[in-house]
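This briefing is meant to be read beside the sequence and the coordinates. It covers surface patches, selected residues and the confidence of the model.

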Amino acid sequence: MHRKLKKGMPTVAASMLSVMLLVSACSNDGGGSAGTGETAQPKFSASIYDRGAVAADQGTYEKNKWTDWIDQESGVDVTWVPIPRSQEQDKLNVMVASGQAPDVITSYDRAMLARFINQGVAQPIDEYIEKYSTSYKAYLEANPELLPHLTFDGEMYAIASLRPTRAQTQIWIRQDWLDKLNLTMPTTVDELLEVARAFRDGDPDGNNANDTTAIAMSSAYGAIIDDWYMARSGEWFLEDGEAVMNFFTGRFEDSLAFRKQVYEEGLVDKEFVTDQNHARQKQLWVTGKSGIMFGTILDGPYPEFFENQSDAVMVPVPPLATKYGTNGYQKEQPNYLLSIMNKDTKDPEAIIKFVDWMIEDGWRPLTYGEEGVHHVVQDDQAVIIDSEKFKNEVSFMGEYRIVHQETMTPESLMAAAGDDPVQQKIAELRGEMIKISEATPYRKDFPYPPTVNEFSDVSGQFSKKWTEVVTQVTMGGPTQTPEWGIDQLEKEWSNLGGPAINELVQEWYEANKDSLD
Amino acid sequence: MKRIGSSLWRDISRDKYLYLFLMPGLIFFVLFKYAPLYGEIIAFKDFRIMDGIWGSEWAGLKHFDRLFNDRDFWIILRNTLLLNLYSILFVFPAPIVLALLLNEVRSHWFKRSLQNMLYLPHFISWVVLGGVIISILSPSTGLVNIVLSKVFGIEPIYFMASPFWWPIVFTLSSIWQTAGWGTILYLAAMGNIDPQLYEAAKIDGASKLRQIFHVTLPGIRGTIAILLILQMGKVMDVGFEQVFNLQNSAVFSVADVISTYVYRMGLLGAQYSYATAVGLFQGIIGLILVLLVNKAIKSMGEGGLW
């Protein structure tokens, strides 16, 4: 047996060895320089959110018609590194920890970026902007309200531009159901409860079946309730000059009580805990099985809603009053994405030049597509020609805008909607919502989470705890009261070293008071 | 010493081409299984990304200290061990029973198609299976509750949100997903049993059941023992995907296990050192259990792993 095998073996082994050598040789000079022909251009790599929105015939997030266009127009070769939107923390943590982070890391999560900066991953950029930038420098001077959000430990680390709109959460209601049951638009939380009960019992869809779930949820459900009572979960508040977590302001108990009440009265879907991506909830809303949507600027005015039910009328609910007064709907932080620069970046100048190009010219085609193909310009507003084509070929490109100057106003939304009746309805609703959002102030005592390491270390663990306790109180019946919940939360918080963290956050607040307004 | 060394060298030089064939496998293990062990030292350090693995400050047993003093950790450890206990009691025997049944099926095409259908769940990811399980167990629209209320008049049960039912659902779903695939090894082992044994048993007048107990089962004893040892090594480990896709905030108290804890602390919370300490602790317990069970099984007269 051995003898026979041995004859052919040297050649086999030799060829195997050479294959292995070849493979290793290839991987050595790899380094992602696929387009070797155009090496003259400066280059860098940047992370980008992958929302799975690039249609197959358009290419991929790494390479498509528009990335080629970006490379050509900006004069910089950008290697895009897609990060799945729902997994940014684990993906980026792994990349950073293994030294494979891209030159530019872009995210909405300021706390995560603060941790990277604290770990020494990024470098300050003041100097580079001073030296290389013209357009972005001018933009920053014109919008100084961005500065505190870009500053970490007293130095500027991040690049950002303003959000198109700061409006975020919104309750939507079926105006046609209100009219049918002779109800008026609720102005307080108690009135909202009355309306919800009427929806549950009054058969507003007229199908003679007791099958209406009054309230549908989205990811903003808890946030909206917390905000009524000025006690957004996981955030810090200033109570008489003292930094306190929302759970311990005394007001959070009301938020728990509301959740428990609507659950017990059957005003919400009893199966919400297993509906983690809110697909069931969306289904309830777009099929007319539910009359109130605790939604956002995106969740509520779905195209399916109007396509399924042509006679349904949806309107935004103005901010509701509680015994603590009226708090507005959530306003997002003024900054759009935050981008930080890797400390090992070879060519900071290329990055700054790219940002300059983006804020000056690049963002416009990336927002509205090609003029004449995807939009036409009327009265300085881009008007979308074909919303289906736009959705397919343009909408994903927004991700490439590290910075931009898009602003969303009721007028620009209407203009952008074009001729599509469904899109027009959606634009109109979002426009109304933006007006509502701007009209009432929203209480946010800390513009961003305290950058205290001891707090960031436990915040993930605590967040799981409070999610658990909130669920227990909501579903737990008579023994698990809101007071019991607050008690639990206090215990869990002190288990995690809460009292010491409270002090550290207070110190941080005292030290940074001036830059926090 | 010298003699052993020289004989090993003689072995290598005689079979050098066979050893060359072994190389890719060896390189794989060294590169991807042994070399990463170096990273385990961050469990004893305060890992900072920019200082690197070696450059970070030593922290002694600080992370283990925190681990053993964390009230949560004991709950998580308890959940992990309980779920694995159910798994050894109920999930482990399931493929054996299934393989015995399949082994008795005489019609070839029926056996084949049955096997194919049983293998199917193994190839479906937990993301999909999780969705399927949640919807068939839904109290309002799920098949199971509709049957329960229509046929038996029982009030709908919210299985997925009940700390009592959840571990049962978890265990049953494991059986559903793995039992079919698990039969492969047992069926192969049964194929190796000498047919003469069955003939002899038949001549002695043994019924089918007797044959199973006295021929088939003893015939696959060795396979069962080895699989049991391997299973014990995993006793500190509950597959992340399954738990993650089935759990929700109403059942954290029974559904939070070490793998989800490590994911939360290490990957989401970026507490690399602490998560490594948890993983190391888990690995060491697993190793000890494998050694103990291996020893026990060897003393019962089976071959064991080594």
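Tyr19(B), Leu22(B), Met23(B), Leu26(B), Ile27(B), Phe28(B), Phe29(B), Val30(B), Leu31(B), Phe32(B), Tyr34(B) and Leu37(B) make up a nonpolar patch of about 1,200 Å² on the surface. The structure is a predicted model, and the points below take up this patch, a charged patch on chain A, and a residue of a chain A strand.

**Nonpolar patch, chain B**
- Met23(B), one of the residues that form the nonpolar patch, lies in helix α2 of chain B, which spans residues 16-34.
- Met23(B) has a relative accessibility of 37% and is therefore classed as partly exposed, since that class lies between the 20% limit for buried and the 50% limit for exposed.

**Negative patch, chain A**
- Asp126(A), Glu127(A), Asp153(A) and Glu155(A) come together on the surface as a patch of negative charge.
- Glu127(A) belongs to helix α5 of chain A, residues 126-132.
- Because its relative accessibility is 61%, Glu127(A) counts as exposed, the cut-off being over 50%.

**A buried strand residue, chain A**
- Gly295(A) sits in strand β11 of chain A, which covers residues 292-296.
- With 0% relative accessibility, Gly295(A) counts as buried, because the class takes in values under 20%.
- Between Gly295(A) and Thr274(A) there are 18 Å in space, C-alpha to C-alpha, and the two are 21 residues apart in sequence.

**Confidence**
- For the complex, the predictor reports an ipTM of 0.81 and a pTM of 0.83.
- Chain B has a mean pLDDT of 89, with 98% of its residues at 70 or more.

Definitions and conventions
Residues numbered from 1 in each chain as written. Chains lettered and ligands numbered in written order. Predicted model: local features only at pLDDT ≥ 70, side-chain atom pairs only at ≥ 80, totals over all residues. Heavy atoms only, no water. Patch = residues over 30% accessible without salt bridge, like charges linked within 9 Å, V, L, I, M, F, W, Y side chains within 5 Å. Areas by Shrake-Rupley, 256 points an atom, 1.4 Å probe, with all protein chains shown as cover. Salt bridge = Lys/Arg side-chain N within 4 Å of Asp/Glu carboxyl O. Lys, Arg positive; Asp, Glu negative; His and termini not counted. Charge placed at Lys NZ, Arg CZ, Asp CG, Glu CD. Helix = DSSP H or I, 4+ residues; strand = E, 2+ residues; numbered from the N terminus. Buried < 20%, exposed > 50% of the residue type's maximum accessible area, 1.4 Å probe, protein only. pLDDT = per-residue confidence, 0-100.
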